[in-house]
Amino acid sequence: MEPGLVGPGPYRATRLWNEIIELFRAGMPLRKHRCRFKSYERCFKASEAVDCLHELLGSNQNFGPEVTRNQTVKLLKKFLKNHVIEDIKGRWGKEDFQDDGHLYRFPPSSPLKPYPKKPSCGKEIIKFPDWNELEAGTSQEHIPVKSVTMNSELWYKRHSIAIGEVPACKLVFRRELTQANIEEIWKSMTLSRLQKVLGLDCLDEVLDTKLVNSKHIVQNAYNVNKQGIVTLEDKSKELPHWILSAMKCLANWPSCSDLKQPAYSGFERDVFKTIVDYFGQMKEPLLTFHFFDVFVSVLGLLQKHSKAVEALQITCLLLPPENRKRLQLLVRMMARVSFNKDLPPLSESVRTRTLMVQAFSRCILCSKDEMDLDELLAAKLVSFLMDNYQEILSVPSALKSSIEDHVVHLQRVQIKYAGADTDATFPAPSFCHQVSTDEFEYQRATGSQEPLAALLEEIAMNKEISVKDKKKKLKQFQKSYPEVYRVRFPTPETEAVLFPEKTKQKSPILMWALKKPFQPFHRTRSFRM
């Protein structure tokens, strides 16, 4: 069985668990072993299992080469507890697995975990503010767009400027947006973007949107200092000064500005232990319990670097401000310590970067219920955070700009034409969806030309207006919409049909109508000779 990347989606941890078990069962060599003068078929030593699983995890793109042997032993302990493996006497259920020569085997039954029932999508629809309500409304996840059925009369009113007339219109002032409206817009558009980046049908699969606080998103986006660190309104939630001093000491070693360095050897290790103990005693990880599934889901995008960074940017924006600030300070310290060549080794056996991941991964990400792979998943996420913390822990500028532009659009004064609402029949609200370029061009052509053609036909057939006014309007229509006009009147003869020439009867010439003024009658001479 070839290992594959498990992408984002619901129950990603369960899918990874089942995949690792299948790979381990398929790749673990089984042979005959002797123990206490007795032979056992199809089994393996504990140390052999550690070697095989460690190599498997290191080559799997879902975990990577940073998985340590110690983490592999912990995973095998969970395998023994969950009856993925058992000792040669059939015992299991305890985490007493050791990296030694004890013999183990696979049970005959399948140890794969069943998938929970998929939650139904659309349990909560986040609405945009309803301008017709008196109270501050909630909002939908997508912007409802009213699809207007245009008739010729309505198009006449809308496009009357082109034919020389301006119908009555008035300015419609939007009701002023409240802070609650703006916060709901931020929440709706942020979650909508996260859903799109993750490629999910709905976020209910990985996140309970009811637990997302819109105030936290707005505070994380705007209450920041010059370094991009969140500033807290409640100063009681700040990190203690002595922890901040300890973190600055390690991050800026050996240039500690606000802490004098003692002369004894090993001082830096004591400082590190103090920081680890403080973050280790927290009751909840910095990424919180109810965001565990969505962060695990983001791990499926790590092969697509830009998408993974954007997804983590947005997800970290959902955190409580105090958690986000602590995460920013902690990950920045971890990254600086890992690359600080002047800092003495903090461990004799483990590299500094690996030590950072092992020491703080659980206080950054873990599940409320003991998960089988949460330590490996947390290590993978923390490693990616350390490498890209400046991008991930900054406010996503594109998202911020789009939301601000949308808020300005909602507050902008609108022009309302007479009859625009009363003459149009509106169906139930529909929602925006993406179409292809060809379909867009077709809709643009047919959707605009058909009503214009109807308007032109109405002008042409209208017998109530004078010939002079009709010619004037037709000329202005031809100037504004030449293509539509050319379809209706391809030749001058087709246009001339509308204006048949009237045959003028010539008045008879009177014999007495002479050029000279009328003269009184005189007797003439006879022509007879």
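Reader: Before we look at rings, what makes two of them a pair here?
Author: Rings of Phe, Tyr and Trp, with the six-membered ring used for Trp, pair if their centres lie within 6.5 Å. In this predicted model, such ring pairs link Trp 17, Phe 24, Phe 44, Phe 79 and Phe 106 into a cluster.

Reader: How many aromatic pairs does that rule give?
Author: The count comes to 14 aromatic pairs. One of them is formed by Trp 242 and Tyr 278, which meet edge-to-face with 5.9 Å from centre to centre and 85 degrees between the planes. Trp 242 belongs to helix H7 (residues 241–251) and Tyr 278 to helix H8 (residues 267–280), so this pair links distant parts of the chain, 36 residues apart. Tyr 278 is buried, as its relative accessibility is 14%.

Reader: And Phe 279 with Phe 360, why is that pair called edge-to-face?
Author: Because planes over 60 degrees apart count as edge-to-face, and the planes of Phe 279 and Phe 360 stand at 85 degrees, with the ring centres 6.2 Å apart. Phe 279 lies in helix H8 and Phe 360 in helix H12 (residues 352–364), so the pair ties together parts that are 81 residues apart in sequence.

Reader: Are those two Phe residues buried or exposed?
Author: Phe 279 and Phe 360 are both buried.

Reader: Which residues touch the most other members of the largest nonpolar core?
Author: That core has 114 residues, and the ones touching the most other members are Phe 79, Ile 85, Phe 360 and Ile 364. Helix H13 gives the most to this core, with nine residues. Apart from it lies another core, of 12 residues, which includes Ile 459, Ala 460, Phe 489 and Phe 499. As general background, nonpolar side chains tend to be buried together in soluble globular proteins.

Reader: What is Ile 85 in contact with, leaving aside its neighbours within four places in sequence?
Author: Its contacts include Phe 24, Phe 44, Phe 79 and Phe 106, and these four residues also appear in the ring cluster. Among the other contacts of Ile 85 are Leu 76, Leu 80, Trp 92 and Pro 107.

Reader: Let's turn to helix H3; what do its buried residues pack against?
Author: They pack against helix H1 (12–27), helix H2 (46–59), strand S3 (86–87), strand S4 (103–105) and helix H13 (374–387). The buried residues of H3 include Val 73, Leu 75, Leu 76 and Phe 79, along with Lys 78. H3 itself (residues 69–81) has 13 residues and reaches 19 Å from its first C-alpha to its last, close to the 18 Å expected. His 83, which follows H3, has a positive phi near 65 degrees.

Reader: Where is Lys 325 found, and is that lysine buried or exposed?
Author: Lys 325 is found in helix H11 (residues 321–338), and at 15% relative accessibility Lys 325 counts as buried. Beyond four places in sequence, Lys 325 is in contact with Ile 229, Val 230, Leu 232 and Glu 238.

Reader: How many disulfides does the structure hold?
Author: Zero. Cys 35 is in no disulfide, and the nearest cysteine sulfur, that of Cys 43, is 8.9 Å away. Cys 35 is partly exposed, with 29% relative accessibility, whereas Cys 52 is buried at 15%.

Reader: Where does the pLDDT stay under 50?
Author: One such stretch is residues 422–431, for which the model has 23 contacts beyond four places in sequence. Across the protein the mean pLDDT is 79, and 73% of the residues reach 70 or more. Over residues 122–129 the pLDDT is also below 50, and that stretch has 37 contacts beyond near neighbours in sequence. Where pLDDT is low, the predicted coordinates should not be read in detail.

Notes:
Residues are numbered from 1 along each chain as its sequence is written. This is a predicted model: local features need pLDDT of at least 70, side-chain atom pairs count only at pLDDT 80 or more; totals for chains, interfaces and linings use all residues. Side-chain values use heavy atoms; hydrogens and water are left out. A disulfide is a pair of cysteine sulfur atoms within 2.5 Å. Buried means under 20% relative accessible area, exposed over 50%, partly exposed in between (1.4 Å probe, protein chains only). Helices (H or I, at least four residues) and strands (E, at least two) are DSSP runs, numbered from the N terminus. The expected span of a helix is 1.5 Å times one less than its number of residues. Contact means heavy atoms within 4.5 Å. Rings of Phe, Tyr and Trp (its six-membered ring) pair if their centres lie within 6.5 Å; planes under 30 degrees apart count as stacked, over 60 as edge-to-face and the rest as tilted. A nonpolar core is a set of buried Ala, Val, Leu, Ile, Met, Phe, Trp, Tyr and Cys residues joined through side-chain atoms within 4.5 Å. pLDDT is the predictor's confidence in each residue, from 0 to 100.
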